[in-house]
Amino acid sequence: KHSKRHKQMGKMARQQQGDVDELFDVKNHFYIGNYQQCINEAQKVKPTTVDVALERDVFLYRAYIAQRKFRVVLDEINESSPAELKPFKILAEYFASPNRRETILAELDRATGYSIIDNNNLMIVAATIYYHEKNLESALRVLQNANSLECMALTLQIYLKMDRLDLAKKELKAMQDKDDDATLTQLAQAWININSGGDKLQEAYYIFQEMIDKYSSTSMLLNGQATCFIGQAKYEEAESALQESLDKDSNNPDTLINMIVLAQHMGKPPEVANRYLSQLKDSNLDHPFVKEYLQKEAEFQRLCSQYSLSA
């Protein structure tokens with residue numbers, strides 16, 4: 001308690017010295033998945049330094065990418081753009097042009113293969129792309145020398161994906177030592193609670209609820225709560241959180257996937273899950289869940305045809 005009070009006093013003293021993060025709202029909206037608000041805030045900010053302006057642009061472009069508005073990023077970032085922004089053009093290209101992915105990956109391998117990366121944004125972009133490619137070892141490799149809170153949060157997510165809760169917990173401890181109150185640290189705690197299951201699901205729910213009360217409800221936070229409810233077999237509560245999430249963004253892939261899972265848990269007619277699946281195919285054809293499903297569907301069709309041929 002004493003150290004926490006001490007920390008808060010330190011924080012207040014820093015704020016009195018004028019060391020206030022001008023981009024706090026911009027970053028915060030981005031981290032909780034409120035991408036439109038992040039863009040709105042970014043366009044309102046009057047940066048006091050060139051560095052602040054640059055960081056504002058970073059979050060602005062990342063929010064456009066999160067909204068799948070790739071054209072804005074592809075049109076605006078060019079050869080003469082600052083080095084800090086260029087990685088986001090690669091990320092936008094990766095998501096916008098599936099046919100170019102192999103080339104982009106080869107370029108990334110070259111850019112990140114031999115030297116220690118000191119461009120924080122390139123680390124985030126490379127790790128994100130490798131994560132999407134299910135190349136978790138490469139994602140960890142590019143993040144190994146990172147010390148920003150966001151890179152630590154990414155590392156933690158990769159450990160969870162690898163089912164290494166022990167390593168994820170170590171990473172969380174490092175994040176808490178760096179900044180216990182940060183939104184990213186709180187979210188990381190919630191992810192760990194979800195992966196721990198049991199009583200921890202309720203704790204995760206409260207973290208998401210606190211953020212909803214403090215900032216605003218977003219698809220990301222509501223999906224977090226729905227995951228907690230599904231884990232606790234509270235299917236009605238999960239359904240109302242997901243309905244609210246659909247109202248906010250009817251194409252959110254996590255919401256649609258959770259709706260498919262929920263429909264099966266609740267024993268709803270198959271057409272209910274199929275509708276969500278059709279929507280998902282429509283809006284997120286290259287989502288890993290859809291790819292895997294289509295692959296299985298094709299295998300199933302092949303098995304059926306082989307069976308009918310041999311019958």
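Here are a few short exercises on this predicted model, each with a worked solution.

**Exercise 1. Work out how helices α13 and α14 are oriented relative to each other, and which residues bring them into contact.**

Let's start with where they sit: α13 covers residues 200-214 and α14 covers residues 219-231. Next, the geometry: the two pack at an angle of about 160 degrees, and their axes are 9 Å apart. Anything over 145 degrees counts as roughly antiparallel, so that is the label for α13 and α14. Their crossing is left-handed.

Now for the residues. On the α13 side, the contact is made by Leu 201, Ala 204, Tyr 205, Phe 208, Gln 209, Met 211 and Ile 212. On the α14 side you'll find Leu 221, Leu 222, Gly 224, Gln 225, Cys 228, Phe 229 and Gly 231. Sort them by class and you get ten nonpolar, four polar and no charged residues.

**Exercise 2. Check the span of helix α10, then find out how covered it is and what covers it.**

Step one is the span. Helix α10 (residues 149-161) has 13 residues, and from its first C-alpha to its last it reaches 19 Å. The expected figure, at 1.5 Å a residue, is 18 Å, so the two are close.

Step two is burial. Eleven of the 13 residues are buried, making α10 mostly covered. Among the buried ones are Glu 150, Cys 151, Thr 155 and Tyr 159.

Step three is the cover itself. It includes α2 (24-31), α4 (50-66), α8 (120-132), α9 (136-143), α11 (165-179) and α12 (183-196).

One last stop: just after α10, look for Asp 163, which takes a positive phi of about 60 degrees.

**Exercise 3. Decide whether Glu 41 and Gln 232 are buried or partly exposed, and describe what each one touches.**

Take Glu 41 to begin with. You'll find it in helix α3 (residues 35-44). Its relative accessibility is 17%, and buried means under 20%, so Glu 41 counts as buried. Setting aside neighbours within four places in sequence, Glu 41 is in contact with Asp 25, Val 26 and His 29.

Now move to Gln 232, in the loop between α14 and α15 (235-248). Here the relative accessibility is 23%, so Gln 232 counts as partly exposed. If you don't count residues up to four places away in sequence, Gln 232 touches Leu 201 and Gln 202. Leu 201 should look familiar from α13's contact with α14. Finally, Gln 232 and Gly 198 are 34 residues apart in sequence, with 7.8 Å from C-alpha to C-alpha in space.

Conventions:
Residues are numbered from 1 along each chain as its sequence is written. This is a predicted model: local features need pLDDT of at least 70, side-chain atom pairs count only at pLDDT 80 or more; totals for chains, interfaces and linings use all residues. Side-chain values use heavy atoms; hydrogens and water are left out. Axes are lines fitted to C-alpha atoms, for helices over the stretch in contact, and angles run from 0 to 180 degrees between N-to-C directions. Helices (H or I, at least four residues) and strands (E, at least two) are DSSP runs, numbered from the N terminus. Angles under 35 degrees count as roughly parallel, over 145 as roughly antiparallel, 65 to 115 as roughly perpendicular and the rest as oblique. A crossing is left-handed if the near helix is turned anticlockwise from the far one by less than a right angle, and right-handed if clockwise. Contact means heavy atoms within 4.5 Å. Ala, Val, Leu, Ile, Met, Phe, Trp, Tyr, Cys and Pro count as nonpolar, Asp, Glu, Lys and Arg as charged, and the others, Gly among them, as polar. Buried means under 20% relative accessible area, exposed over 50%, partly exposed in between (1.4 Å probe, protein chains only).
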